[in-house]
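Biologist: Hi, have you got a minute to walk me through this one? I'd like the overall picture before we get to single residues.

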Amino acid sequence: MQNNILAVPFRKGTHLSLSSAVRQYISTKYDQHPDMFRQDLEVIDALRRDAVNVREPHPSGVARLQAYAGQLVWLGGKFPIDIGADFTWYPALGYNTERPVVHNNLRFELANILYNLAALYSQLAIASNRTSTDGLKTAASYFSQSAGVLTQLKKEVMPELRTTPPEDMDEHTLDSLIQLQLAQSQECYWQKAVMDGYKDASIAKLAAKVSDYYNEASEASMRSEAISSSWIHHMSAKHHHFAAAAQYRAACDCLEKRKYGEEVARLQDAVACVTEGLKETRGGYLNKTVVEDLNGLKRRVEEDLKRAERDNDVIYLNPVPPKSELKILDRANMAVVRIPPQVAAPLDYLSEKGEFGPPLFTKLVPYSVHIAVSIYEERRDRLVNQNIIAELELLNERIHEILSSLNLPGSLQAFEKPLGLPGTLVQHAEEIRQADAIHRLSRSFADIDRLRAADMEMYEEGREVLQAEEEEDTQLRRKYGTDRWSRPQSRSEPSQGEKLWGQVHAAEGWFETSGSSDAAVRKKFQSIEPTLEILAGSDRGLLDFVPSSRRTEIPETLKPAIGRLRTAYNDIIRLESRRHRKAETLREKARNDDIKSDILAEAARLERSHAVATAIVPAHFEEFFEKRLDSLYEPDHEYIKQEGTEQEKLITELIRVNREFESQKKLVGDKGNREREQALQKLENAYYKYKELVSNAEAGRKFYNDLSRIIGGFRDGARSYVAERRREARMLEDELNMPPLGNLSLGGPQGRVPSVHSPTPSTGSWNGAAGYPGQAQPQPQIQPQPPQNSFLPPQQPRQQPVQAPAEAHIQSWAPAGETVAPQPQPPRANPMQGVWNPGAGIKFANTPPPPNSGGGGGGGGSDVGGGAQQERRPAGGTWDRNSAIRFG
């Protein structure tokens, strides 16, 4: 089997009981008992076990992975993303394949299953018989489906992951893998065209597109942290290979069309391309088949170039155009992204007779329905309280403002009840006493202060956690530099960090606004507190506060005006009382508005009709919400408009008759009534302001209770986010603290890899890799980079006799047991000498230099002298630090 193409390796998952997490969640969050779903719990465990065990390229694995992925999509509509199961998966690519990634995240589980499905398609393509045209078509189809699954993973699953993706699932890695699968699919079509004997022009177009795909894959892989050097070299070599193959086939087409000069130019460009491809063979990264293909193509192209140049120079004498004048080759694209329908629309395959079987937990009320019920109830309460009842209260407040400005009902009561206390005032005073008004307001304010302090404490905790993480990240950024510590800061991190910091600023505004509102309410209370104390006191205290009128009888000329004013005033009071009853009726109506049965019927309708392409989410009920709210509460909106119109008419009438009353009062004189009128009005105003304060206190308590849920969610989100950021920081710091790859022995588990440039040790010559003669070689414990005062060449890592633990984790398609030859390394410095001390001498061996080492050669012999003619000194002795040292 050919080994000139790459397969995506599987991610390895650990076994866990998903049913246990589902059972626990149902028992704690739902009204239904988990035993109702015993069979479904067994099925979900079996599906996961079968999917996780897919490790071999067999077609049966496709159905197992697709079935489990389809059920995961369905479960996403029944359960929250953090269901309580810690899914553990090991990366397939990169340098951390032995370090597990753990997330309590259903989307993370789905992402891994789809990744393995793409890997399975890729490996099935490689396992196909690509020596026949039918086998090539099958392999190309598998590669296209692999690219399709990876595309679905990138566009539909990863954006909803809600956490930082693993290295081998980030955007750049997925882009590289998608382009790689398309390149290999296109390569199969190219190979089939060659087998079928297509024309050279058609084959050239196919090869040019193969080259494009490999180039795009290579460029994306260089931006990835998970694609290894061996894969990058492979993609680059294949890019140059097919660029050369395309030009070669175009040259053959030119020969057929007797374009001899263009044939030579294209063959020259083909030689240049294949030469570039062969440069990727340095370091032994490429598979032998790829190297042989390159060398075979080079030999063939060079032979044809010699023949073409000879024929053109001797016979045809056509001018050879420069490369810039050659027409760019057309492309023929055959590879396309094919998303399997079972992956694109998995819910279509969930039914009693469907490919994936019946959907699980169908009798369980979907989690999205619970969320939708909460959304509806919140929207309904906001509509009733803020859009209807609040409007009624605003109308009532306008009534009290008008009455207060007209000194009503104090001016009426002063005439109607010149002695004692008016009946309405006695009722209001009794209500204040029964409610224990002052202590009630004081307790409400204390409750508000306590709720605000608790909210502030949670907010401060969440903010301090974010600030601590930000400070830690800043310190690590200073330590490692912005080039190496490349992850975004939490304030600019798009998935969660930016949102959490936005909540910090929003919460600051909420607390500032609410603090101002609380201060205004307390100021209002302080202004009426003395009057409330009078109302809450005894009747004797009220009688002492309200002076009696000196006129005990109402003048006859004033009685008609008082009667008309009393009628208008009573109409206004009846209007206000009617609104209070309406508000209570609306609250009772909202409490009895139970949507659960109706929304379950709507959810069932959506599921049956397949009106949604994915799992049901709360957004699917928007139209249902709007229709229901309009049908139930639109008449109440109309009632508000009618009330406003009626109130304006009554207020206009009240102002008119009050004006007549004031005119008549001036005619008869109001001596002895002014003080009583003012006192009565002051008590009435205090009573109505008390009612407003009670409403303000309830609104404040509700505000801080609602804010507590929001701030609690912010704090918990900040904790989870910071824990994840710290875990990422530890992983990144571990990677940055790993020894350089130059310190790893890739040649085998024992011994060092000899450098191809190291000079052969000889008597009298200094060998930087072997140390000084006659001295013991201690274990090297030197920092990888020498300091500035070292005489070692800068940025040459010291090779240590260590094992190569990462060797098995760097993906390479070299066969098992075949070692990958390392890149040639420069001579290593003596591990015993880390930093040169000017105060210490350098002692060379007491052996004469080699015979042919004079002048400037040798493997490190030094010439020391200060005149025009330098004298060769013996190797022994101590080096004078005031003189120079020269290496070969």
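Modeller: Happy to. Let me start with one pairing: two bridges join strand S1 to strand S2 (residues 87–90), and the two run antiparallel. One thing to keep in mind is that this is a predicted model, so local features need pLDDT of at least 70 and side-chain atom pairs count only at pLDDT 80 or more, while totals for chains, interfaces and linings use all residues. Residues are numbered from 1 along each chain as its sequence is written, and side-chain values use heavy atoms, with hydrogens and water left out.

Biologist: What do you count as a strand, and when do two of them pair?

Modeller: Helices (H or I, at least four residues) and strands (E, at least two) are DSSP runs, numbered from the N terminus. Two strands pair if DSSP finds at least two bridges between them.

Biologist: Good. How many helices and strands are there in the protein?

Modeller: There are 21 helices and three strands. The three strands form an open, antiparallel sheet in the order S1-S2-S3. Strand S1 (12–13) and strand S3 (101–103) are the edge strands, each pairing on one side only.

Biologist: How many bridges are there between S2 and S3?

Modeller: Three bridges, again in the antiparallel sense. Tryptophan 89 is a handy landmark: this S2 residue is the bridge partner of glycine 13, and tryptophan 89 also stands opposite valine 101 in S3.

Biologist: Which residues of S2 are buried on each side?

Modeller: Phe87 and Trp89 are on one side, Thr88 and Tyr90 are on the other, and all are buried, so both faces of S2 are covered. Buried means under 20% relative accessible area, exposed means over 50%, and partly exposed is in between (1.4 Å probe, protein chains only). In a regular strand the side chains alternate between the two faces of the sheet.

Biologist: Which helix lies across S2 and S3?

Modeller: That's helix H4 (residues 106–127), which runs at about 35 degrees to S2. Axes are lines fitted to C-alpha atoms, for helices over the stretch in contact, and angles run from 0 to 180 degrees between N-to-C directions.

Biologist: Let's switch to helix pairs. How do H15 and H16 cross?

Modeller: The axes of helix H15 (residues 437–484) and helix H16 (residues 497–536) come within 11 Å and cross at roughly 165 degrees. That makes H15 roughly antiparallel to H16; angles under 35 degrees count as roughly parallel, over 145 as roughly antiparallel, 65 to 115 as roughly perpendicular and the rest as oblique.

Biologist: And what kinds of residues make the contact of H15 with H16?

Modeller: They divide into 15 nonpolar, four polar and ten charged. Here Ala, Val, Leu, Ile, Met, Phe, Trp, Tyr, Cys and Pro count as nonpolar, Asp, Glu, Lys and Arg as charged, and the others, Gly among them, as polar.

Biologist: I'm curious about threonine 531. Buried or exposed?

Modeller: Threonine 531 is buried, with a relative accessible area of 6%, and this residue is in helix H16. Leaving aside its neighbours within four places in sequence, threonine 531 is in contact (heavy atoms within 4.5 Å) with Lys682, Leu683 and Ala686.

Biologist: Back to the start of the chain, then. At what angle do H1 and H2 pack?

Modeller: Helix H1 (residues 18–29) and helix H2 (residues 38–52) pack at an angle of about 145 degrees, with their axes 8 Å apart. Leu18, Ser19, Val22 and Arg23 of H1 meet Leu41, Ile44, Asp45 and Arg48 of H2. By type, the contact has four nonpolar, one polar and three charged residues.

Biologist: Now the odd backbone spots. Where is there a cis peptide bond?

Modeller: A cis peptide bond joins leucine 408 and proline 409, with omega about 5 degrees. Proline 409 sits in the loop between helix H12 (367–405) and helix H13 (410–416). Asparagine 407 is in the loop between H12 and H13 too, and its phi is near 60 degrees, a positive value in a residue other than glycine. Most residues other than glycine have a negative phi, and most peptide bonds are trans.

Biologist: What about arginine 162, buried or exposed?

Modeller: Arginine 162 counts as exposed, at 59% relative accessibility. Its phi is near 65 degrees, also positive, and its place is in the loop between helix H5 (133–157) and helix H6 (171–195).

Biologist: Last one: how much of the protein counts as buried?

Modeller: Of the 888 residues, 44% count as buried.
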